[in-house]
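Me: I'd like a close look at one part of this model, with its surroundings and some idea of how far to trust it. Keep it chatty, please, but give me the cut-offs.

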Amino acid sequence: MNILCNVKKNLSENKSIKALGIVFGDIGTSPIYTIAVIFAYLKVTNENVLGVVSLIIWTITLLVTVQYVWFAMGISERNEGGTIILKNIIQKYAKSAREITFITIISYIALSLLIGDSVITPAISILSAVEGISLIPFFQNVTTDTIILISVAITIILFWYQHKGTEKIAKIFSPIMLLWFITIGISGLFSLIYAPEILLKVINPAYALRFVFDSNIPVSRLMTHDIISLFVLSDVILSATGGEALYADMGHIGREPITKAWVFVFIMLVLNYMGQGAFLLMHKTETNTFFQMLYSQSHFFYIPVLVLSIMATIIASQAVISGIFSVVYQLINNRIVPLLRIDYKSSEIQSQIYISFANWFLFLSVLTAIIIFRTSNNLAMAYGLAVSGTMAFTGILINIHFYHKKKFIMLFVSLVTTFADIMFLTSNLLYKTFQGGYFALIIATLPFVTIMIYTEGQKRLHNIYKMTDLNIFLKEYNDRYKNSAKLKGTSLFFASLSDKVSPYIVKTMMDNNIIYEKNILVSIERTAKPYGTDSLFKSDIGVGLSHLTIRAGYSEVVDVEAMLNKYNIDETVIFYGFEEIVSNNVFWKIFALIKKLSPSFVRFYKLPAEKVHGVMVRIKM
């Protein structure tokens, strides 16, 4: 009994095993549909099977192992990764405003495509797993509508449960994914026993290159071959989906546990893909190779493994949702998107937050994808474009980093992987844009347009805002304080800058003559680091006026009330400013609507509602 308890404890505490449940769900479930999708239209021949499996193995090696595990994860701040981190690091080396703008736009595109990709991942993962029931004799005649209903039910439960927090059930994710990877690895190995010769062939990149650039094809068939090979490339990228999650989720687990876990995951994935290739060579099947291989190996264990695959796809979807919550949180703290309501489900902020708007936006998008595309094969036409775009633009950012760091050998290798990214992106743009890729692009366009309008609007607003220099403000404030009646208690005024005073503060104190016995300006400044919090309290910068500056990392949760308690501040009232924007310009009208729909600054920081008072400032844009 004690041995079992110790094993369970070691599983829960081992960060590399924990990474299996948090980081590798997406890429871990890609064997369910990748080869099945490709050979739904590609003829099963020895050359095609060996070429496709070799392409998949080298795609995972180049794009995931080299680009993300080796390169991207080596570029971090305090073990925190992701596109925002990469952007912030590279911008430090930028030598011109034009380069900063280029880096910023590329980052925004990559982030938006990541969100677009995150919609397709749960949809195709859940659909493809549920489709596996058709191999069970009792369900042989199951209809597509029934599969859709089951998938929709799973999706509804998955997204509904998010508001409760996933801390309790997350503890079982890692053991389930560990069992999943062992299962698919062993299954692949069993098939390899009957065709071991495939092993040495598919690890030879010549088979992959020959499939894409076959010089022995007759001129009469060359055009057809090139079209087919490029079309296949647009689906081969499905094997690498989730690779970008390794970098984005670094802050949850850390680089070392992820890289250690990846060695195990990589071996299991390669074994399974090789096994599927061997099974295809022996049986020439036209149905889903993954499930057909499992069913042929054991009828008795097929249903438990099918249930395991559905659980794995749910975990993969959960990892995607949690990842998007983390990305959106970073965007909010970097003032790239407007404030959104955030609920903290655990002290582990990075993996245990709930953002209602992001959750239901993803839910509606996933539901729409399932209903529109109906099957995993159809959804594959929408999948790949967003992820290949994310990888290509991330590759460009990595190249810029190595160039500025003068790491030219790594730059050369990175250029090779980026070239591969661009090939995948090109094939997806050519063959999937109008077949389904448009769906991911539409989803990605929404956050991109929001980001651009919001960031540009904030810049314009800052330029229009008539901020008052602190020293000028203090002269008039001191005079007013001495010669006017004061209200009892302590007032807090949230200030966006420590050396400037917002118009709403001037309006409240000078125009409306609202001055308390004690008045405190509170500034929250985000640093270039992801984590860390410090504060500085300056008492009596004016008569009865103090200044509290809170400096926090952009991924840090700021507990304002805890900071106030630290300095024994017992506030009577809290003031904050908000803008009423008036404009005839359509873009600024959209910006005004975004600002109006966003929760207030003080609601974001969970301040007591009964003490809060908003002061409106009218701005014409």
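Reply: Buried means under 20% relative accessible area, exposed over 50%, and partly exposed anything in between (1.4 Å probe, protein chains only). By that yardstick, Val-615 is buried, because its relative accessible area is 10%. So let's start there. This is a predicted model, where local features need pLDDT of at least 70 and side-chain atom pairs count only at pLDDT 80 or more, while totals for chains, interfaces and linings use all residues. Residues are numbered from 1 along each chain as its sequence is written, and side-chain values use heavy atoms, leaving out hydrogens and water.

Val-615 sits in strand E10 (helices, H or I, need at least four residues and strands, E, at least two; both are DSSP runs numbered from the N terminus). Leaving aside residues up to four places away in sequence, Val-615 is in contact with Tyr-504, Lys-507 and Thr-508, and also with Phe-575, Tyr-576, Gly-577 and Phe-578 (contact means heavy atoms within 4.5 Å). Take Phe-578: 37 residues separate it from Val-615 along the sequence, yet their C-alpha atoms are 6.2 Å apart.

Just ahead of strand E10 (612–620), in the loop that follows helix H28 (601–604), you'll find Lys-611. Lys-611 forms a salt bridge with Glu-571, with the closest N and O atoms 3.5 Å apart (a side-chain nitrogen of Lys or Arg within 4 Å of a carboxyl oxygen of Asp or Glu). Glu-571 belongs to the loop between helix H26 (560–566) and strand E9 (573–582), so the bridge ties together parts that are 40 residues apart in sequence. The two partners sit differently with respect to the surface: Glu-571 counts as buried, at 7% relative accessibility, whereas Lys-611 is partly exposed at 22%.

Strand E9 has a salt bridge of its own. Glu-579, in strand E9, is linked to Lys-595 in helix H27 (residues 586–597), and the two are 16 residues apart. Their side chains meet at 3.5 Å, N to O. Lys-595 is partly exposed, with a relative accessibility of 22%.

For contrast, here's a pair that stays inside one helix. Glu-476 and Arg-480 form a salt bridge at 3.6 Å, N to O. They are four residues apart in helix H24 (residues 470–483), so about one helical turn separates them. Both are partly exposed: Glu-476 has 41% relative accessibility, and Arg-480 has 26%. In total, the structure holds nine salt bridges.

Now, how far to trust the model. The protein chain averages a pLDDT of 84, and 90% of its residues score at least 70 (pLDDT is the predictor's confidence in each residue, from 0 to 100). Element by element, helix H5 (residues 46–71) has the highest mean pLDDT, 93, and helix H1 (residues 2–13) the lowest, 46. Residues 1–12 are below 50, and that stretch has two contacts in the model beyond near neighbours in sequence. Residues 217–225 are also below 50, with seven contacts beyond near neighbours in sequence.
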